[in-house]
Structures are given as C-alpha cells and as structure tokens.
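Biologist: Please take a close look at a single part of this model and describe it residue by residue. I would then like the account to be carried outward from that part to the helices and the empty spaces of the structure.

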Amino acid sequence: MAATKRMTVSQALVEFLGHQWTVDGDIRERTIPGMFGIFGHGNVAGIGQALKQVNVEQPDLMPYYQARNEQAMVHQSVGYARMHRRRATFASAASVGPGAANMLTGAALATTNRLPALLLPSDTFATRVADPVLQQLEQPWDIGVTVNDAFRPLSKFFDRVQRPEQLYSIALAAMRVLTDPAETGAVTIALPEDVQAEALDVPLEFLQDREWHIRRPLPERGPLARAVAAIRSAKKPFIVAGGGVLYSSAENQLRELVEATGIPVGTSQAGGGVLDWDHPQNLGGVGATGTLAANRRAAEADVIIGIGTRYSDFTTASRTAFQNPDVVFVNINVASFDAYKHGSQLPVIADAREALEELSIELEGFQISAEYAETIAREKAAWDSSVDDAFAASGLDVPGQSEIIGAVQSSSGPKDVIVQAAGSLPGDLHKLWRVRDPLGYHVEYAFSCMGYEIAGGLGAKRGLLAAGDDRDVIVMVGDGSYLMLNSELVTAVAEGIKLIVVLIQNHGYASIGHLSETVGSERFGTWYREYDTDAKNFQGDDILPVDLAMNARSYGLDVIEIEPGAGAIDALKDAMAVAKASSGSTFIHINSDPLLYAPDGAGWWDVPVPEVSTLDSTQTARAQYLAQQANQKPLLG
C-alpha cells in the first residue's frame, strides 16, 4: 500500500506547489517560488493556516508575501514571470467574494499577455451547510454560480475543488497549463472555504519533486520549406518580432538571422529588447505607436515574417500597416491560434528559437538587395535623428513627455528595466526608448491596464532579485495610472525592495485626452479639474489640489520633487542619479505638458467616430476617420 500523509487540502496544495520545477534546457528553477495572499474568512483557516504551518516547519518551501490589493498580487506575478521568460510565476490566494473578484482584472491581464499566473480564489461552502455565507453571490436561476465563475472566460484553465479527492487531478492539470508556452495564462483553482480545511490521506508521491519540461516544438519540414521559398522570393521582407522571441530566449538567433540576410525588424510592445536599439536592422516599434522607419518598411513589405506575435491592432495599426497589395504573411508561433492569423497560408507552428535556427540554415546565402539595405539605413538614421531632437532640452518651465523620457533614458544603466502599461507613455516609449538589454523593456500593452505599473514593476524587480540580478527597475507612470493602484509601494517599503518611480504629473488622462481630440470629443472628461456646477462638467481651469508626492512620502519612500522651471530636465537627471545611488525606493515627481507630443510615426488606431453629430469637431473627425479607414485591408496572406 502506498505511503500517505494525513493533511488538509490546503496543506497538500501548498506542499505540492513547493515541489514543482520548470526545466528549460539547462535551466531548472522553482515553478512557484512563493505565494501572495490576503486573508479573510474564506481562506484564513485554510490556505492561511497551511502557509503558517509550512513557515514553521519548512520556511523555504513556500514563502509567503503580503500584498495590499488582490489585483496587484496577480500583476506582481506577471511582472515576475516576464523577467523569468515564463518559466516561473507566483501563486495568489484571495478570500471569498470581493477578495476573489478583485483578482479578475489580473486574470484577464495574465491571459491576454500569455503570461503565467496561478490564482487561488476562495469559494463558498461546497456543502452549502451554511448558505448563504457572508459575501456569497446568489443567483436564483443557478444557485451553484459563485463569483469565481467569472474567472472562467478569463482563465486558460479553471476548475473547482468540490471534494478533497479532486485535488490531485486539478493540481496536475493546472501545472500543465502554467508551463505550456502555447496555452499559458491565468490558471485558476477555486477553493471552497470548507473543502480547504478538510483532510485526506495524501500519497507521498504527490508531494515529491516533479519537473515540467518546457516544450520547444521544431518546425515541420513542409511548412518550413514553403516559408523559406516565400522569403527567398521576397524583394522587401520585413520581420515583426513579438514577445515569443524573448520567451523562447531567441534574441541571439534573431540577431544572427538578420545580420546574415539584412532583413529589417520592427517590434511589438512585447518584443521590445529582441535587438539593441542601435542594431542596424532594428527599426524600432511597428504599428500604431511605431516609428516612421518601421512603418514605412512595413507598408511596402511583400513578405511579413511574424515571429512570436499575436498581431494586436496596435501592431498592425488596425490593419493599415501593411499596404503592399500582394503582401504575404509567414507566421511563426508556438500557438496555432496566432500562427494562422490574417488567413496566412504559411503558418509555421514552432518555438521561435528552433524555427529561427532552422531558417538561418535554410536561408544561407540569401540577402536583401543593396538598394533595400540603403533605404533601411537611411530611414533608421533619420528616425534616430528625430529621437535625438525629441530628447533635446527645450528649456520650458514644464517640459514635454519626450524630454522627460530622454532624461530618464540618459540617466539609466544599459541593463535597467523600464516598466509601463497605460496612457500616453506606452506609445512614446515604443517610439523613443532605446533598449539595450533583452529584459530592459517591459511595457504591458496586451491589456494595457491602468495601475499595473507599480505592482508589475515590483514583480519584475522581485524576479530579477531571485535570479541574483540587482539591476534597477524604473517605473514611469502618469498621475492617472498612479491613482488607479499605488498601494504596492507599501509592499516595496515593507520588504526593502528598491524601485525608482518617475511620476509624470499632467493633471488628467493625457493619452485619452489626445485621443478625445482626434475623435472630436474635445478632451471632455479627461482633465482633473474641480467640478463646475454651472457647466456641469470638469472642464474648468481649477486644477485639483492633490499632492501625489506627499502621498508617496506617506508610504515611506524617499521623494524628490522637480520644481517647474527652465532647469527641470537637468534637475530630473540629478534626481535619477540620487535614486540610482540609493539602496531604497525613490519617488520622483515632475510636471509635464500633455500637449507636447512625441514625433509622429505615421501609425493609425481604429477608434470609430460617430456617423452623425451636431459638433463641428466630431464632423471633422468623422471625415478624417473615413479617410484612414479606407486604408484598412483584410490582410489575407
């Protein structure tokens, strides 16, 4: 008879998770190196007790970390996973009802970004002996529905442990999805609060070390041969490099391919860092927030080679980026769902690294024409010059965002990580930030979640520290996103984890304000102003007397406030030097003029404008919208 150990469901799950290992070639690391948790009546006697017990008996097996918001726990997990190239992530435990519901946004973000996160929301009584319990959602048309059912469409895996014996199959299935590069995302195991505390005889085999080997599928010969033939026939090929290149550690293989062939590269937001910014083949971001150099090459390309990209509307400029009438798509992706996008007849379903190695062999001797190479070099040089101009200090009392980015860039180290997610900063960073390391650019733009920045940055720094890497993580955040979720600054202070936070204060929603203008809504509702009781709006001149620097100071951070004036940019550079020299977290506050824009990259984003309106601004915007919409293509390749 197999040896067993009498344990609760929670104790068994915690111990099980502590023995899971991810193996990727020569790299072996803990799949779940720790657990975040906020306790309530739904989990304090289950997961909470299990974490306490393991802390007493085996403190290194499953370390527990506090958080201040359940959504932020998942954001931290995603930031950690990004730095570990999807090999590891954290578990996040929440109580029943609102605690669980707070994690829904994090679940959607993880799944959209194809990044692993393990969610353990508590659930109401499986026995229903106490029914309804505090914080239980009741639906008369289905009594079995709980808050946790909302995780189903947001997760790549969802199950509920209704009986203790179900734990084994559920836990193993959850680990399979977490470590599958084609399927990973939010993995949710709902834990009824009574089942968490129930006991069962757990086979010791379930609690032993288990390895999960990352799949790196090779390209099939037929699809690879067809892709190679298409590329060899191309006159103006163009690579769109996405996050899949980084997650498969394929940046070296990409560099070798483009140096041998001369094919230019444009990156998605997730692909930032696949080549150093000054590499001759790196034309920068592509699409709606892309550079003029990348977008011009994308527009004329006859073969688009997508590598590890999911082709979001920003990457494709809402299907206006690729204007060649005969354009063909070669889509290399570990997930068939993404490989077949745009109706491609040339999907290559394979790991990015393995596919790039094969392409380098099969494309030996192929090179782009000298004329094409000259065009690439000329347009790259012109764009780099535009960025230099955008970074130049204007001497204005309140600088524009481009100048601020330039100052932070020049003050950062070559391996420092920039973290951002929402507002106008992702677009400006995609065009302007000069990435010098594969992990140096983390802009969460699949879900573009306001409030991700601080929690995600904390997770990124935590992930780097776990790998013995003490490079700086720089969080750039606008006041709008900061107000959405800033509580994890307390977590950084509590654990002594260093972040550099650069708060760009523009008194409103800068990105949506600009978009509002372009669609004819005249920045309505996008300024942070006192309410005008006569006009019934927030469009007045009275700026809110909100002091975000004081807020950060109250959390225990070192705060540096940059006063408006001609020397603001120099003061920012000095503040960055102080922050980098410090061992603790520093918050730098600087005012920005949201009406000063970065250089135009000629990208477009489809945001429909009303067909009819009494506003002249909307009528004008509608005419401009129709002109841009005419450039959209079905992109059947």
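Modeller: In this predicted model, the part I have chosen is the hairpin formed by strand 2 and strand 3, where two residues lie between the strands and glycine 25 adopts a positive phi near 65°. The two strands of the hairpin are antiparallel and are joined over four bridges. Aspartate 24 of strand 2 is placed opposite isoleucine 27 of strand 3.

Strand 2 also has a second partner. It pairs with strand 11 (residues 210-213), here in the parallel sense and again over four bridges. Within that pairing, tryptophan 21 has glutamate 211 of strand 11 as its bridge partner.

The burial of strand 2 follows from a simple count: five of its five residues (20-24) are buried, so the strand is largely enclosed by the rest of the structure. Gln20, Thr22 and Asp24 point one way from the strand, while Trp21 and Val23 point the other way, and both sets are buried.

The other strand of the hairpin leads to an open space. Strand 3 (27-30) supplies at least two residues to the lining of the second largest pocket, as do helix 3 (70-83) and helix 17 (452-466). Helix 17 gives the largest share of this lining, with four residues. The pocket has a volume of about 310 Å³, and 19 residues line it, with Tyr80, His84, Gly463, Ala466 and Ala467 closest to its centre. By class, the lining comprises ten nonpolar, two polar and seven charged residues.

Helix 2 (residues 47-57) shows another arrangement of buried residues, which here are Ile47, Gly48, Ala50, Leu51 and Val54. Because these residues span an arc of only 165° around the axis, they lie on the same side of helix 2. An α-helix has 3.6 residues a turn, so residues three or four places apart point the same way. The face turned away from the buried side of helix 2 bears the exposed residues Lys52, Val56 and Glu57. The buried residues of helix 2 pack against several elements, among them helix 1 (9-17), strand 4 (35-37), strand 5 (64-66) and strand 6 (91-94). Strand 9 (186-192) and helix 7 (193-196) are also among the elements they pack against.

There remain the enclosed spaces. Rolling a probe the size of a water molecule over the atoms shows where empty space is left. The structure contains six cavities of 30 Å³ or more, and the largest has a volume of about 530 Å³. A total of 39 residues line the largest cavity, and Gly243, Gly244, Ala270, Gly308 and Arg310 lie nearest its centre. Helix 9 (243-247), strand 16 (328-333) and strand 19 (441-443) each contribute at least two residues to that lining, which divides into 16 nonpolar, 15 polar and eight charged residues.

The second largest cavity has a volume of about 270 Å³. Its lining consists of 24 residues, of which Trp277, Asn282, Gly284, Gly285 and Trp433 are the closest to its centre. Two or more residues of this lining come from each of strand 14 (282-285), helix 14 (370-391) and helix 16 (425-432). In the lining of the second largest cavity, twelve residues are nonpolar, eight polar and four charged.

Definitions and conventions. Residues numbered from 1 in each chain as written. Predicted model: local features only at pLDDT ≥ 70, side-chain atom pairs only at ≥ 80, totals over all residues. Heavy atoms only, no water. 1 Å grid on protein atoms, 1.4 Å probe; cavity = no way out; pocket = protein on both sides within 12 Å on 5 of 7 lines; lining within 4 Å. Points joined across faces, edges and corners; volume = space filled by probe spheres on them. Nonpolar A, V, L, I, M, F, W, Y, C, P; charged D, E, K, R; others polar. Buried < 20%, exposed > 50% of the residue type's maximum accessible area, 1.4 Å probe, protein only. Arc of directions from axis to C-beta. Contact = heavy atoms within 4.5 Å. Pairing = 2+ DSSP bridges.
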